[in-house]
Amino acid sequence: MSRIGRQPIAVPGGVTATIEKGLFKVKGPKGELQVPHNPAIEISQSDGQLNVSRPSDRQDHRALHGLTRTLVANAIKGVSDGYIINLELRGVGYRAKLTGKTLEMSMGYSHPILIEPPAGISFVVPEPTKIDIVGIDKQLVGQIAANVRKVRKPDAYHGKGVRFVGQKIALKAGKAGATGAKGKK
């Protein structure tokens, strides 16, 4: 049996879960989410806990068991606590600011980069070189963080660009210079 799938999910206070065939709905202090799942996987609720079970040991049921449990747990954590991803800008002149809800970034291009947040996502810019992406849907927060990072990925020689806070970039060595056998006789 799946080690992840058989773990119970604790439902914190203030969070209500509704289970339908093929759809799991959760509502909490931060908002509400819907998680579609395979109807063969069963979700049951008892004593403030959710349990996910599978009908058989077929390969596809085993694969969906842990996946469904993880998606449900992520939804519950999202509506109760929320998710945040921290990004930092490295490079001379690389800056970010908010204009209304829109993220405006100066990344060394001839024009500013404007990124509109989708519904359920908000940007926070505590410093001109730091961006926080906040939301309740873990997948959507991660996708928006990847889209912001794609504006200018960290380069391999100087490490300039948008990176996750604490991310280590393995820098390549530059040119070795004129220390080859070219000029020697």
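Trainee: Is Asp47 buried or exposed in this structure?

Mentor: A good place to begin, and keep in mind that we are reading a predicted model. A residue counts as exposed when its relative accessible area is over 50%. Asp47 has 81% relative accessibility, so Asp47 is exposed. You will find Asp47 in the loop between β5 and β6. There is one more thing to notice here: Asp47 is not a glycine, yet its phi is positive, at about 55°.

Trainee: Which strands form the open sheet around that loop, and in what order?

Mentor: Here is the general idea: strands of a sheet pair through backbone hydrogen bonds, either parallel or antiparallel. In this case 3 strands form an open sheet in the order β1-β6-β5, with antiparallel pairing. The edges are taken by β1 (9-10) and β5 (42-46); each has a single partner strand, so one side of each has no neighbour in the sheet.

Trainee: How many bridges join β5 and β6?

Mentor: There are 5 bridges between β5 and strand β6 (residues 49-53), in the antiparallel sense. To see one of the pairs, look at Ser44, whose bridge partner in β6 is Asn51.

Trainee: Which helix lies across these strands?

Mentor: That is α1, which lies across β1, β5 and β6 and runs at about 160° to β6. Thr68 is a handy residue to follow in helix α1 (residues 59-80). The cut-off for buried is under 20% relative accessible area. Thr68 has 4% relative accessibility, so Thr68 counts as buried. Beyond its neighbours within four places in sequence, Thr68 is in contact with His37, Ile41, Ile43 and Val52.

Trainee: What about Glu32: buried or exposed?

Mentor: Use the over 50% cut-off for exposed again. Glu32 has a relative accessible area of 54%, so Glu32 is exposed. Glu32 sits in strand β4 (residues 31-36). An exposed residue can still have contacts to list: leaving out residues up to four places away in sequence, Glu32 touches Val26, Lys27, Val79 and Ile136. You can also compare sequence with space: Glu32 and Thr16 are 16 residues apart in sequence, and their C-alpha atoms are 9.4 Å apart.

Trainee: How do I read a hairpin, such as the one formed by β8 and β9?

Mentor: Follow one strand, then the turn, then the partner strand. β8 and β9 have 2 residues between them, and Gly100 in the turn has a positive phi of about 70°. Strand β8 (residues 95-99) pairs with β9 over 5 bridges, in the antiparallel sense. Leu98 stands opposite Leu103 in β9, and Ala96 stands opposite Met105 in β9.

Trainee: What does β9 form with β10?

Mentor: Another hairpin: β9 and β10 have 6 residues between them, and Gly108 in the turn has a positive phi of about 90°. The pairing of β9 with β10 is antiparallel, over 3 bridges. Leu103 stands opposite Ile115 in β10. As for its surroundings, 4 of the 5 residues of β9 are buried, so β9 is largely enclosed by the rest of the structure.

Trainee: How many residues does the largest nonpolar core have?

Mentor: Think of a nonpolar core as buried nonpolar residues joined through their side chains. The largest one here has 20 residues, and Met105, Ile131, Ile133 and Val148 have the most contacts inside it. At least two residues of this core come from each of β7 (83-90), β9 (102-106), β10 (113-115), β11 (121-127), β12 (130-135) and α2 (138-149). The largest share, 4 residues, comes from α2.

Trainee: Which residues is Ile133 in contact with?

Mentor: Setting aside its neighbours within four places in sequence, the contacts of Ile133 include Tyr83, Ile85, Leu87, Phe123, Val141, Ile144 and Val148. Apart from this core lies another, of 18 residues, among them Val15, Phe24, Val35 and Ile136.

Trainee: How many aromatic pairs are found in the whole structure?

Mentor: The search finds 0 aromatic pairs. A ring can also have a charge over its face, and here Arg152 lies over the face of Tyr109, at 4.3 Å from the ring centre.

Methods:
Residues numbered from 1 in each chain as written. Predicted model: local features only at pLDDT ≥ 70, side-chain atom pairs only at ≥ 80, totals over all residues. Heavy atoms only, no water. Buried < 20%, exposed > 50% of the residue type's maximum accessible area, 1.4 Å probe, protein only. Contact = heavy atoms within 4.5 Å. Phe/Tyr/Trp six-rings, centres within 6.5 Å; stacked < 30°, edge-to-face > 60°. Lys NZ or Arg CZ within 6 Å of the ring centre and 35° of its normal. Core = buried A, V, L, I, M, F, W, Y, C linked by side-chain atoms within 4.5 Å. Pairing = 2+ DSSP bridges. Axes fitted to C-alpha atoms, helices over the stretch in contact; angles between N-to-C directions.
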